[in-house]
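Me: I'd like a close look at one part of this protein, nothing broader. Could you walk me through it in plain words?

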Amino acid sequence: MTDVSVAQPALKTSGAFFVETVTWVQHWTPSLFSFRTTRDPTLRFSSGQFVMVGLMTPEGKPLVRAYSIASPSWHEELEFYSIKVPDGPLTSRLQNIKVGDQVLIGRKPTGTLVLDGLKPGKRLYMLGTGTGLAPWLSLARDPDVYERFDEVIVTHTVREVGDLNYRELLETELAADEILGELIAPKLRYYPTVTREPFKTEGRITDLIASGKLFADLGVPPFDPAVDRLMLCGGPSVLADLKQLLLDRGYQEGSLAKPGDFVLERAFVET
């Protein structure tokens, strides 16, 4: 395991990147980890957006990838949720960062998973697979979400039970939060599903929607474009399937320029 703090040249703030310091690292499984960094006070973003994150190569060039920001827009630190790719140009090195190390954070957050891309509605679904949970971690801690919707449903589909990271946060901690709990507790629902191990809810989210099990388990009616809004984040194949499923039900994709019934994010870290 290489020591990034030794191999990495000193970082300098540039026109494209802030240099931030790692404040916390959590290794969930051999293939998943999270980390937090300091946040420059001039960095502004909307909950649900992504930003470029990375390291300098030994040759002194930035090596960065798009990461959804997992912390809410009001938080003083930045949090990220990442996979580990053994031979990935970035994550093979990024997974070795320690508290006190420096990373590059892009100055221009962007992305489609923002509330302003959606028309008003009553129920908000955030459907995520794998590290596609990251933007929901940001949005689920944002008071604006609960002011706009009567019910907020976060789904997280993973391969193994051990991959259900942040489960405690979404199941119990947010509802008990001394500041936000009163706002969140009556509205937030968490629906974890596992595809390759026995679990209380098994299967791909697309299959659970198609069979109606998702709605039966939650005690809510099937998707209705008149009241239900959706955000989608995850692997390319599941995004394509979910998008088609919604289009077949009369949903219209939205954007900041033209708000719609659902939005999706294609920026997904895999290297």
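Me: Which residues have the most contacts inside the largest nonpolar core?

Reply: Keep in mind that this is a predicted model. Inside the largest nonpolar core, the residues with the most contacts are Trp-136, Leu-170 and Met-231, and the core has 34 residues. Helix 3 (134-139), helix 4 (143-148) and helix 5 (167-176) are among the elements that each supply at least two of them, and so are strand 7 (123-129), strand 8 (151-158), strand 9 (188-194) and strand 10 (228-233). The largest share, 4 residues, comes from helix 3.

Let's zoom in on Met-231. Leaving out residues up to four places away in sequence, Met-231 touches Leu-113, Val-114, Leu-115 and Leu-118, then Leu-124, Tyr-125, Met-126 and Leu-127, plus Trp-136, Leu-139 and Val-263. As a general point, nonpolar side chains in soluble globular proteins tend to be buried together.

Now for the strands. There's an open sheet of 5 strands in the order 9-8-7-10-11, with parallel pairing. Strand 9 and strand 11 (262-265) sit at the edges, each pairing on one side only. On average, neighbouring strands of this sheet are turned by 15° against each other, ignoring direction. Strand 7 and strand 8 run parallel and are joined by 7 bridges; Gly-128, for one, has His-156 in strand 8 as its bridge partner. Helix 5 lies across strand 8 and strand 9, and runs at about 155° to strand 9.

Conventions. Residues are numbered from 1 along each chain as its sequence is written. This is a predicted model: local features need pLDDT of at least 70, side-chain atom pairs count only at pLDDT 80 or more; totals for chains, interfaces and linings use all residues. Side-chain values use heavy atoms; hydrogens and water are left out. A nonpolar core is a set of buried Ala, Val, Leu, Ile, Met, Phe, Trp, Tyr and Cys residues joined through side-chain atoms within 4.5 Å. Buried means under 20% relative accessible area, exposed over 50%, partly exposed in between (1.4 Å probe, protein chains only). Helices (H or I, at least four residues) and strands (E, at least two) are DSSP runs, numbered from the N terminus. Contact means heavy atoms within 4.5 Å. Two strands pair if DSSP finds at least two bridges between them. Axes are lines fitted to C-alpha atoms, for helices over the stretch in contact, and angles run from 0 to 180 degrees between N-to-C directions.
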